[in-house]
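Subject: Structure for you to look at

Hello,

I am handing over the structure shown here, and my notes on it follow below.

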Amino acid sequence: MKTVLSNAESKMKKSVEALEREFSSLRTGRASAALFDKIKVEAYGQPTPLAQAATISVPEARLVVIQPWDKGLLGEIEKAIQKSELSVNPNNDGKVIRINIPPLTEERRKELVKVAKSSAEQNKVSIRNIRREANEELKKLKKNGEISEDDEKKAEEQIQKLTDTYIKDIGSILELKENEIMEI
């Protein structure tokens with residue numbers, strides 16, 4: 001019974017962490033190194049994550065500086081950024097790439113909030129699915145005589161409390177991200 005509870009909690013925690021990672025790469029009006037997490041650069045014949053080919057720093061609220069470890073990759077990094085969905089214009093000075101993060105339009109902010117809400121809802125659904133799977137496991141344990149009916153009910157209540165907690169966490173994370181996106 002404890003393994004059912006700990007497995008369910010572990011899966012729910014991973015679901016919330018996945019949402020946080022996804023939100024970190026969702027663009028707001030502020031500069032962030034996490035914006036570039038999904039960008040891959042063609043380096044030495046291999047698609048390489050940008051963070052493994054360069055140092056990404058944020059010296060100002062709306063400026064990102066990317067300094068490749070190999071100057072020969074500047075052009076590839078610039079191309080990869082231009083092809084990305086970030087809609088930013090990299091400036092290459094031969095040593096580093098500077099990217100000014102323009103403020104978002106009201107329309108784009110609303111689109112991003114919709115994307116964030118959709119992601120949060122998908123994660124809530126996955127948490128509910130984890131709850132359902134855990135409850136099914138408990139029913140099997142009861143059917144096999146491994147736990148009593150009282151133990152099953154107690155465990156189901158604990159799983160419901162976990163579910164409520166993690167769904168509330170997702171709501172809080174979404175609210176923070178919405179505020180960050182709508183902030184001018």
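A word on terms before the notes: two strands are taken to pair if DSSP finds at least two bridges between them. With that in mind, the bridge partner of Pro90 in β6 is Ile99. Please bear in mind throughout that this is a predicted model.

The four-stranded sheet

The strands of this open sheet run in the order β3-β4-β6-β5, and their pairing is antiparallel. The edges are taken by β3 (54-60) and β5 (90-92); each has a single partner strand, so one side of each is left without a neighbour in the sheet. On average, neighbouring strands of the sheet are turned by 25° against each other, direction ignored.

Helix α2, residues 74-83, packs on this sheet and touches β3, β4 (63-68), β5 and β6. The direction of α2 makes about 165° with that of β5.

Strand β6 covers residues 97-100 and pairs with β5 in the antiparallel sense over three bridges. Besides the Pro90 pair already mentioned, Asn91 has Arg98 of β6 as its bridge partner. The hairpin of β5 and β6 has four residues between the strands, and Gly94 takes a positive phi near 95° there.

Strand β6 also pairs with β4, again in the antiparallel sense, here over four bridges. In that pairing Leu63 stands opposite Asn100 of β6. The two faces of β6 can be told apart: Ile97 and Ile99 make up the covered one, Arg98 and Asn100 the uncovered one. Read together with the bridges, this puts the partner of Pro90, Ile99, on the covered face, while the partner of Asn91, Arg98, belongs to the uncovered face.

The β1-β2 hairpin

Strand β1 (residues 40-43) pairs with strand β2 (residues 46-49) in the antiparallel sense, over four bridges. Val41 has Thr48 of β2 as its bridge partner, and Ala43 stands opposite Gln46. Side chains alternate along β1: Val41 and Ala43 point to one face and are buried, whereas Lys40 and Glu42 point to the other and are not.

Two residues lie between the strands of this hairpin. What deserves a second look here is Tyr44, in the loop between β1 and β2. Phi of Tyr44 is near 55°, a positive value in a residue other than glycine. Most residues other than glycine have a negative phi. Tyr44 counts as exposed because its relative accessibility is 64%, and the cut-off for exposed is over 50%.

The largest pocket

The largest pocket holds about 410 Å³ of space. It is lined by 18 residues, of which Ser25, Leu35, Lys38, Glu85 and Leu86 are the closest to its centre. Helices α1 (2-24) and α3 (106-143) each supply at least two residues of the lining. The largest share, four residues, comes from α3. By type, the lining of the largest pocket divides into nine nonpolar, three polar and six charged residues.

Two residues of helix α3

I also looked at Glu106 and Arg128. Glu106 has its place in helix α3. At 41% relative accessibility, Glu106 counts as partly exposed, since that class lies between the 20% limit for buried and the 50% limit for exposed. The C-alpha atoms of Glu106 and Ser119 are separated by 20 Å, with the two residues 13 apart along the chain.

Arg128 lies in helix α3 as well. Its relative accessible area is 32%, so Arg128 is partly exposed. Leaving aside neighbours within four places in sequence, Arg128 is in contact with Glu121 and Ile167. Arg128 and Ala33 are 95 residues apart along the chain, and their C-alpha atoms are separated by 32 Å.

If you open the model with one point in mind, which residue of the β1-β2 loop has a positive phi without being glycine? That is Tyr44, with phi near 55°.

Regards

Methods
Residues numbered from 1 in each chain as written. Predicted model: local features only at pLDDT ≥ 70, side-chain atom pairs only at ≥ 80, totals over all residues. Heavy atoms only, no water. Axes fitted to C-alpha atoms, helices over the stretch in contact; angles between N-to-C directions. Contact = heavy atoms within 4.5 Å. 1 Å grid on protein atoms, 1.4 Å probe; cavity = no way out; pocket = protein on both sides within 12 Å on 5 of 7 lines; lining within 4 Å. Points joined across faces, edges and corners; volume = space filled by probe spheres on them. Nonpolar A, V, L, I, M, F, W, Y, C, P; charged D, E, K, R; others polar. Buried < 20%, exposed > 50% of the residue type's maximum accessible area, 1.4 Å probe, protein only.
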